[in-house]
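Biologist: Got a minute to go through this one with me? Please keep the answers short.

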Amino acid sequence: EARFEQAESDARAQKVFQASSVCSIQQWDSDEPIPRSELLAGVAGKHGLLCLLSERIDKEVLDAAGSNLKIISTLSVGVDHLALEEIKKRGIRVGYTPDILTDATAELSVALLLAACRRLPESAEAVKNGGWTTWKPLWMCGYGLSDSTVGIIGLGRIGQAVARRLKPFGVKKFLYTGSRPKPESAVEFQADFVPLTKLAEESDFVVVTCSLTPDTKGMCDKDFFSRMKKTSVLINTSRGAVVNQEDLYQALVSGQIAAAGLDVTTPEPLPTDHPLLSLKNCVILPHIGSATYATRSAMSVLAANNLLAGLKGESMPNELQL
Amino acid sequence: MRTLGRLRRLKTTLVPEFHSCCKLQAPNTAGKQLPRIYVTRRIPPDGMKILSQSGLCNIEQWDSDEPVPRSELLEKVAGIRGLYCLLTEKIDAEVLDAAGPSLQVVSTMSVGYDHVSLEELKKRGIRLGYTPDVLTEAVAELTVALLLATSRRLLEAVDEAKNGGWGTWKPLWMCGYGLTDSTVGILGLGRIGAAVMARLKPFGVKRFLYADTGPRPDMATKIPAEFVPLEELARHSDFIVVCCALTPETQGICGNRLFSLMKDTAIFINTSRGGVVNQEDLYQALVNGQIAAAGLDVTEPEPLPTDHPLLKLKNCVILPHIASATVATRNAMAALAASNLLAGLQGKAMGKEVPL
């Protein structure tokens with residue numbers, strides 16, 4: 001018996017489960033997230049759990065599930081919502097969805113960068129509200145990528161895919177930072193491994209594509225912004241908590257940096273009265289990094305296959321090494 | 001020294017008498033009669049510097065961010081040798097007649113010259129400078145920005161984040177169409193079209209097609225692209241990007257016929273000129289689901305009236321003609337247009353001249 005929890009059913013993933021006849025499925029068949037009490041009640045005795053990043057899978061959930069639970073499959077590449085230590089202790093395996101969402105997420109990161117530096121939302125608004133009067137040489141000018149320095153925080157799969165997409169825009173130099181140098185990944189872009197502080201000081205565009213860990217939490221803070229150029233643009237499509245939002249707000253209103261684009265925030269959703277939403281030079285997207293029809297469908301199928309493999313004690317297409 | 005002082009006082013007396021936007025550059029102290037030029041707008045500093053420091057011309061200018069009124073333009077061009085204009089000025093027989101036989105060069109701060117009557121210029125032996133190349137990167141960059149904003153529904157999503165439509169993460173909410181494994185069709189494989197192709201390549205595009213007046217092997221070198229008829233481009237493309245010049249042949253070429261052949265998941269992007277698209281046909285195609293979405297940086301007219309039907313559509317992104325709008329690019333355009341003008345005044349070869 002297995003439980004399949006998903007906030008919204010996807011046709012292809014459903015087919016995978018139905019065809020498998022490996023498990024019986026209990027599901028929160030709604031577009032809205034499962035209430036905590038439902039989750040705790042529902043996991044009891046289950047062998048497998050398919051979850052989204054909106055469910056906090058911590059000690060409480062694992063205790064409620066009990067000793068049958070052997071596989072957790074998440075429909076995401078981020079695993080910061082999973083209590084990995086607790087999961088490892090209990091010998092539970094974890095499946096996740098890297099690679100398959102890299103293209104869509106890198107694409108959205110570049111889309112967000114361009115929207116922020118070329119002032120797309122602001123100018124589209126001017127078209128609607130009468131602000132567009134005529135072609136003017138210096139109206140609505142933004143910052144271009146030509147001859148720029150791009151700093152990538154976290155040169156992983158997504159970071160590399162972003163760099164690859166930015167290269168033909170005329171970027172002069174790539175820098176990157178992280179827990180350690182990755183020469184095999186960096187060579188394609190002739191990217192230099194530098195300390196975080198140097199990346200802040202020298203980049204025209206800072207792109208955050210690292211995972212959220214205790215080390216990266218709040219990494220983009222007052223000190224970081226104070227080192228950035230006044231003409232620079234910050235883009236975060238990793239996790240909200242990597243950025244200190246109060247410090248970012250101050251940096252934007254004081255002109256310490258030129259603009260920012262965020263696809264992830266703390267919390268999600270961001271309350272509609274949040275100060276960052278009032279800034280013309282801050283573009284906020286509702287966490288749509290991997291949101292293409294093809295990608296979400298593929299993620300669902302992968303998550304389903306990870307789960308089934310885990311139930312059968314077989315090797316998973318994408319297992320997280322604990 | 002006394003001459004300088006006298007000239008300064010003269011300028012201080014005279015200038016307030018003129019229309020507040022009209023600016024005169026005093027002739028050099030030797031009082032030589034330099035050729036007169038008219039600049040139709042306040043232009044970026046790199047361009048102004050080249051003109052004013054050249055010592056080659058007397059400059060009169062509509063020193064404002066707003067376009068010069070037609071009547072003012074017609075009055076001020078009388079007897080000038082060179083005209084520095086923007087794409088907002090229609091340079092036709094009326095203006096050229098008003099200028100008279102002294103006019104020998106027109107320099108436009110744009111790569112498009114559909115606002116200039118080439119026939120009339122040619123008839124009168126007037127040369128035309130323009131600004132290709134220096135704006136190619138910025139325009140290609142904005143074209144890709146617009147394509148991504150359209151295909152990934154950025155503006156819709158920004159609104160949802162502001163108006164409370166953003167709930168929690170949902171697998172199928174706000175999904176768009178990705179470039180991975182797609183077919184991209186470029187209408188007009190010139191400098192900008194080729195630069196757009198180069199930028200789209202690493203997004204995983206599987207196939208590039210292009211339609212044009214003829215094959216462009218010089219452009220389709222680094223990245224292979226197939227030359228196809230327009231109908232085939234329409235049928236097979238997931239993304240169509242319009243980068244051609246506006247000519248009598250391309251006027252309204254993107255209309256009902258093209259949209260009816262396109263996939264209903266296709267995205268249509270135009271950063272060339274508004275006149276290439278039949279806007280009523282585009283509106284119908286979007287509301288009927290004939291195509292998935294459209295992104296326009298250029299419209300007919302500009303600005304587009306705020307009550308235009310296209311502005312009501314969620315799947316239509318409209319930008320206010322900002323493709324070349326970076327400070328560096330606009331300054332480079334201004335500088336090139338200024339150099340072109342000065343070269344024309346001196347009867348020399350221009351940096352960038354339109355062959356007439």
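Biologist: What are the helix and strand shares over residues 110-289 of chain A?
Modeller: Residues 110-289 of chain A are 30% helix and 15% strand. Helices (H or I, at least four residues) and strands (E, at least two) are DSSP runs, numbered from the N terminus. The C-alpha atoms at the two ends of 110-289 are 10 Å apart.

Biologist: What does UniProt list for that stretch of chain A?
Modeller: An unreviewed UniProt entry lists "domain: D-isomer specific 2-hydroxyacid dehydrogenase NAD-binding" for residues 110-289 of chain A. UniProt positions are in the numbering used here, feature names are shortened, and annotations may be inferred rather than shown by experiment.

Biologist: Before I go on, what sort of model and numbering is this?
Modeller: This is a predicted model: local features need pLDDT of at least 70, side-chain atom pairs count only at pLDDT 80 or more, and totals for chains, interfaces and linings use all residues. Residues are numbered from 1 along each chain as its sequence is written, chains are lettered from A and ligands numbered from 1 in the order written, and side-chain values use heavy atoms, leaving out hydrogens and water.

Biologist: Which domains does the assignment give for chain A?
Modeller: Domain 1 of chain A is 6-99 + 292-320, and domain 2 is 101-284. The bounds come from an automatic or database domain assignment. Where they touch, domain 1 of chain A supplies 11 residues and domain 2 of chain A seven residues. Contact means heavy atoms within 4.5 Å. The C-alpha centres of these two domains are separated by 32 Å.

Biologist: And chain B, how far apart are its domain centres?
Modeller: The C-alpha centres of domain 1 and domain 2 of chain B lie 31 Å apart. Domain 1 of chain B covers 36-134 + 329-354, and domain 2 covers 154-161 + 175-314.

Biologist: How many helices and strands in chain B?
Modeller: Chain B has 12 helices and 13 strands. Its C-alpha atoms fill a box of roughly 80 × 50 × 35 Å along the principal axes.

Biologist: New topic. Is B:Asp181 buried or exposed?
Modeller: B:Asp181 is exposed, because its relative accessibility is 53%. Buried means under 20% relative accessible area, exposed over 50%, partly exposed in between (1.4 Å probe, protein chains only).

Biologist: Where is B:Asp181 found?
Modeller: B:Asp181 is in the loop between α7 (154-163) and β7 (183-187) of chain B.

Biologist: What is B:Asp181 in contact with, leaving aside neighbours within four places in sequence?
Modeller: B:Asp181 is in contact with B:Gly204 and B:Lys206. The C-alpha atoms of B:Asp181 and B:Val205 are separated by 5.1 Å, with the two residues 24 apart along the chain.
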